[in-house]
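The following explanation leads through a single protein chain, moving from one helix to the loop before it and then to the confidence of the prediction. Please keep the sequence and the structure in view while reading.

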Amino acid sequence: PFYTDFWAYPLYSLTLLWLVAYLREIHFYWVHRAIHPWKDRELGPLDGDVGAFLYRHVHSLHHKSYNPGPWSGLCMHPVEHLIYYSCAWLPPLLVSVHPL
């Protein structure tokens, strides 16, 4: 669901616009923390460490950038892209947003 007139709901629109910057940073922090090992890198989901599994099979590709540059931050596994960019595709499924 979306609305086309930004100023039809000024308080809602401006609040949502203000929140986007803060929610994106919080989302990035917790997602990045979740895909690193919680306990031990050798553990897996059956041991209660989903982060170790995601790090080993998904996020480790990002850490293989031996010569970091401006594009190495986007060097990710497709699953990691799906998780990271859920901050862009998930909110429109939950709340009414302006198309911009």
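In this predicted model, helix α1 is part of what covers the buried residues of α2. Those buried residues are Gly51, Ala52, Leu54 and Tyr55. They span an arc of only 165° around the helix axis and therefore lie on the same side of α2.

One of these residues, alanine 52, merits a closer view. Alanine 52 belongs to helix α2, and its relative accessibility is 0%, so it counts as buried, the limit being under 20%. Which residues does alanine 52 touch, leaving aside those up to four places away in sequence? The contacts are His36, Pro37, Trp38, Asp40, Arg41 and Leu43. For tryptophan 38, the separation from alanine 52 is 14 residues in sequence, while the C-alpha atoms of the two are 6.5 Å apart in space.

Alanine 52 is also approached by an acidic side chain. The side chain of aspartate 49 reaches the backbone nitrogen of alanine 52 at a distance of 3.1 Å. Aspartate 49 itself lies in the loop that runs between α1 (10-34) and α2 (50-57). Although aspartate 49 is buried, it has no salt bridge. The nearest side chain of opposite charge is that of lysine 39, 6.3 Å away; a salt bridge would require the side-chain nitrogen to be within 4 Å of a carboxyl oxygen, which is why this pair does not count as one. When residues up to four places away in sequence are set aside, aspartate 49 touches Pro37, Trp38, Lys39, Asp40, Leu43 and Gly44. Pro37, Trp38, Asp40 and Leu43 are thus among the residues touched by aspartate 49 and also among those touched by alanine 52.

Helix α1 offers a further position to examine. Leucine 14 is located in this helix. Is leucine 14 buried or partly exposed? Its relative accessibility is 42%, so leucine 14 counts as partly exposed. Outside the residues up to four places away in sequence, leucine 14 touches Phe6 and Trp7.

The confidence of the prediction remains to be considered. The average pLDDT of the chain is 85, and 98% of the residues score at least 70. Among the elements of the chain, helix α3 (residues 78-84) has the highest mean pLDDT, 93, and helix α5 (residues 91-94) the lowest, 85.

Note on methods: Residues are numbered from 1 along each chain as its sequence is written. This is a predicted model: local features need pLDDT of at least 70, side-chain atom pairs count only at pLDDT 80 or more; totals for chains, interfaces and linings use all residues. Side-chain values use heavy atoms; hydrogens and water are left out. Helices (H or I, at least four residues) and strands (E, at least two) are DSSP runs, numbered from the N terminus. Buried means under 20% relative accessible area, exposed over 50%, partly exposed in between (1.4 Å probe, protein chains only). Lys and Arg count as positive and Asp and Glu as negative; His and the chain ends are not counted. A polar contact is a pair of N or O atoms within 3.5 Å; within protein, one must be able to donate a hydrogen and the other to accept it, and residues adjacent in sequence count only if both atoms are side-chain atoms. Contact means heavy atoms within 4.5 Å. The arc is that of the directions from the helix axis to the C-beta atoms. pLDDT is the predictor's confidence in each residue, from 0 to 100.
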